[in-house]
Amino acid sequence: MGFPTHRLRRLRNNAVIRCLVKETELSVNDLIYPLFVEKGSRKKTEVKSMPGVYRFSLDSIAKEAKDVEQLGIPAIILFGIPEKKDPRASGAYAENGVVQQALRAIRAEAKKILLITDVCLCEYTDHGHCGIVGKDGSIENAPTLELLAKSAVSHAEAGADIVAPSDMMDGRVAAIRKALDRQRFVDTPIMSYAAKYASAFYGPFRDAAESTPKFGDRKTHQMDPANVREALREVALDIEEGADIVMVKPALAYLDVIYRIRRKFNVPVAAYNVSGEYSMVKAAARNGWVDGEKIMLEILTAIKRAGADMILTYFAREAARLLKK
Ligand code: PBG
């Protein structure tokens, strides 16, 4: 027998030709870096379950954001850990809340980087739920919407360029859009966590943000990992309500969801490569079981290949350094 007729290896023969036929190019422009901020000063605390990820105090967050900007990363997303938590999450929409202060501090130093804020109540409620808990223990939709809208407006007032609601209440995008428009923020885009699953992959994040619910779980608002048609409904509604960018979260176990959304809708799609996805790679790499850098780039490329236009990832700093070389 001679050669097979179809010789695909011709285009894999050397690095130059492989580069020429590459279909997906991961770039630093695709990356969004999550940052955790808390009150106080001179604190930089590593998150135990997330090696290389830190909680910064207010006096050091601006320098960190400036470093990220200098790496060419176009955006950060901010998560706040308040000093005090209460049932109405008042820290989420306080003029001098931790995120609001961080926004002003960062903008004073880093002029270009886009400032995205996570809009949710779970980091600010004493029970750790994403909304107002009613007498029967359930999360009440309407009163929660009011506080989410208030939080989004207070972020915009403090300088947020994009707000990203992650709560999964029904109707939050419309409520936030209306509130922003009423307060002169017609040009502030909404990046909605549209298809956000009730996932065990958020474990390390909840350590970092101290937002593990004290009772119950998030299954009455976050999605069942078994569902994808429902994700398409969520996205359709969020777009109708005014979402400018829609997000899928987590990313790696949900590439089919990213793909289906990319095919069906013509808005930018973001994917959140979440804490558990990061920690698993770090843990295995520390054990010498996998090559951490190669796995990281393979994962990020796969998320992009599935259809994500941008990726929120704790790997952003490391990836940016490698991609620039
Ligand atoms: C809610 C929020 C969470 C994450 C981002 N925004 C936690 C949750 O829904 O429990 C998780 C991000 C991650 O795991 O990296 N404010």
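This passage describes a central strand pairing, a set of salt bridges and one loop residue in a predicted model. Local features were taken at pLDDT of at least 70 and side-chain atom pairs at pLDDT 80 or more, whereas totals for chains, interfaces and linings use all residues. Residues are numbered from 1 along each chain as its sequence is written, and side-chain values use heavy atoms, without hydrogens and water.

Strand β1 spans residues 31-38; helices (H or I, at least four residues) and strands (E, at least two) are DSSP runs, numbered from the N terminus. Of its 8 residues, 8 are buried, where buried means under 20% relative accessible area, exposed over 50%, and partly exposed in between (1.4 Å probe, protein chains only). In a regular strand, side chains alternate between the two faces of the sheet. In β1, Leu31, Tyr33, Leu35 and Val37 point one way, while Ile32, Pro34, Phe36 and Glu38 point the other way.

Strands count as paired if DSSP finds at least two bridges between them. Strand β1 runs parallel to β4 (residues 75-81), with 7 bridges, and Tyr33 stands opposite Ile76 of β4. With β3 (residues 54-57), also parallel, β1 forms 3 bridges; here Val37 faces Phe56. A further 2 bridges connect β1 to the parallel strand β12 (residues 310-313), where Leu312 is the bridge partner of Ile32.

The whole structure contains 16 salt bridges, each defined as a side-chain nitrogen of Lys or Arg within 4 Å of a carboxyl oxygen of Asp or Glu. One of them joins Arg317 and Asp67 at 3.6 Å, N to O. Arg317 belongs to helix α11 (residues 316-324) and Asp67 to helix α2 (residues 58-70), 250 residues apart. Arg317 is buried because its relative accessible area is 15%, whereas Asp67, at 27%, is partly exposed.

Asp238 and Arg172 form another salt bridge (3.3 Å, N to O). Asp238 lies in helix α7 and Arg172 in helix α5 (residues 172-182), so the pair ties together parts 66 residues apart in sequence. Both Asp238 and Arg172 are buried. Helix α5 also holds Arg177, whose partner Asp244 lies in the loop between α7 and β10 (245-249), 67 residues apart. Glu38, Lys43, Arg55 and Glu210 are joined into one network by salt bridges that share partners.

Ser211 lies in the loop between α6 (203-209) and α7 (229-241). Its relative accessibility is 0%, so Ser211 counts as buried. Beyond neighbours within four places in sequence, Ser211 has contacts (heavy atoms within 4.5 Å) with residues including Cys122, Glu123 and Arg218.
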